[in-house]
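Let's take a friendly walk through some aromatic rings and a metal site. Have the viewer ready and follow along.

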Amino acid sequence: MAKQSPQAIISELIEIFCNPEKIDLLEDTVAKTVLYTRPSSKWSWSNRFLMAMQKSDDARGHRQWQEVGRNVLDWTKQVTIIAPLIKKVEDKKTGEPKEIVTGFRSIGLYDIKNTYGKELGDTEIKQQPPLIEVAKAWGINVRYEVVSGCWGYYSPDKKEIVLGTSDQQTFFHELAHVAHEKIDGKLSHEPEKYAQQEAIDQLSCAVLARMYGVKVDKYTFDYIGMYAKKNTADKVGRMCLRVADKVSQVLDLILQTKTEIILEVEN
Ligand SMILES: [Zn+2]
């Protein structure tokens with residue numbers, strides 16, 4: 001862990017975020033990676049639309065399913081997408097070979113719900129994120145599932161954190177939500193408060209990331225910028241200044257809990 005205190009890192013980040021000249025120098029040392037990639041993420045927009053229309057969010061051919069250790073349940077239930085038929089011809093003008101579309105054919109695929117076998121992504125979770133013991137001490141279950149449209153979420157009702165990635169920074173963000181809820185009570189859906197919550201939790205996440213040796217500074221700046229309605233130094237910096245005190249409380253609670261767990265183990 002870094003020797004800097006959380007408060008020192010908060011100040012350092014705010015100092016950067018407030019300074020327009022430093023924004024271009026912001027960097028991340030880790031990128032978010034989804035637990036497993038769906039072949040459909042590379043498809044054309046129209047085929048992804050077709051798949052969604054057929055109520056599927058992960059459709060693959062049977063061989064593709066076999067490669068990840070799953071088998072098709074019902075062969076008659078297919079999700080259909082369209083592929084162009086491509087032919088190589090010689091360009092009459094230049095003499096160069098080129099590809100032309102001569103028509104379309106439909107391809108029958110199978111939705112993930114229509115398959116059984118190995119859990120997806122299981123093999124890719126190499127290690128649990130740091131501070132996971134804090135979530136456990138608070139009675140929060142952490143499980144992995146790829147959810148379309150978000151990297152992870154915290155469900156206060158189910159008392160669980162769901163992660164679509166094994167990256168520690170996503171876990172840190174959700175853990176900050178839990179800590180924040182412990183301090184301020186149930187989280188709000190009112191837009192302004194919601195934006196502030198997200199700023200608190202993402203700034204907490206950026207500090208924790210630095211304490212564990214990675215940087216998610218640029219991502220954090222852009223993320224808070226999204227909620228501050230503009231990712232300019234002026235808006236983001238001001239938003240961070242407003243929430244700095246709460247961020248400090250959130251971090252203290254998380255780190256204190258970790259220390260208590262360590263002491264408990266030692267005694
Ligand atoms: Zn959030």
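Phenylalanine 49 is partly exposed in this predicted model, with a relative accessible area of 43%. Tryptophan 45 is exposed, at 61%. The two residues sit 4 apart in helix α3 (residues 45-53), so about one helical turn separates them.

Phenylalanine 49 and tryptophan 45 also form an aromatic pair of the stacked kind. A pair of aromatic rings is described by the distance of the centres and the angle of the planes. Here are two of the pairs, set out that way:

| Aromatic pair | Centre to centre | Between the planes | Kind |
|---|---|---|---|
| Tryptophan 45 and phenylalanine 49 | 5.2 Å | 10° | stacked |
| Phenylalanine 171 and phenylalanine 172 | 6.4 Å | 50° | tilted |

Phenylalanine 171 and phenylalanine 172 are both buried. In total, the structure holds 8 aromatic pairs. Elsewhere, Tyr194, Tyr219, Tyr223 and Tyr227 come together in one aromatic cluster.

Now for the metal. Which protein atoms act as donors of the zinc ion? They are NE2 of His173, NE2 of His177 and, listed twice, OE of Glu198, at 2.1 to 2.6 Å from the zinc ion. Along the chain, these donors follow the spacing H-x3-H-x20-E. Histidine 173 and histidine 177 are 4 residues apart in helix α6 (residues 168-184), so they too are separated by about one helical turn. Both histidine 173 and histidine 177 are buried.

Why is the arrangement around the zinc ion irregular? The 4 donor atoms subtend angles of 53 to 139°, whereas a tetrahedral site would need all angles between 85 and 135 degrees.

Note on methods: Residues are numbered from 1 along each chain as its sequence is written. This is a predicted model: local features need pLDDT of at least 70, side-chain atom pairs count only at pLDDT 80 or more; totals for chains, interfaces and linings use all residues. Side-chain values use heavy atoms; hydrogens and water are left out. Rings of Phe, Tyr and Trp (its six-membered ring) pair if their centres lie within 6.5 Å; planes under 30 degrees apart count as stacked, over 60 as edge-to-face and the rest as tilted. Buried means under 20% relative accessible area, exposed over 50%, partly exposed in between (1.4 Å probe, protein chains only). Donors are N, O and S atoms within 2.8 Å of the metal (3.2 Å for Na, K and Ca); water is not among the atoms, so sites may look incomplete. Four donors count as tetrahedral if all angles lie between 85 and 135 degrees; four count as square planar and six as octahedral if opposite donors are over 155 degrees apart and all others between 65 and 115; anything else is irregular.
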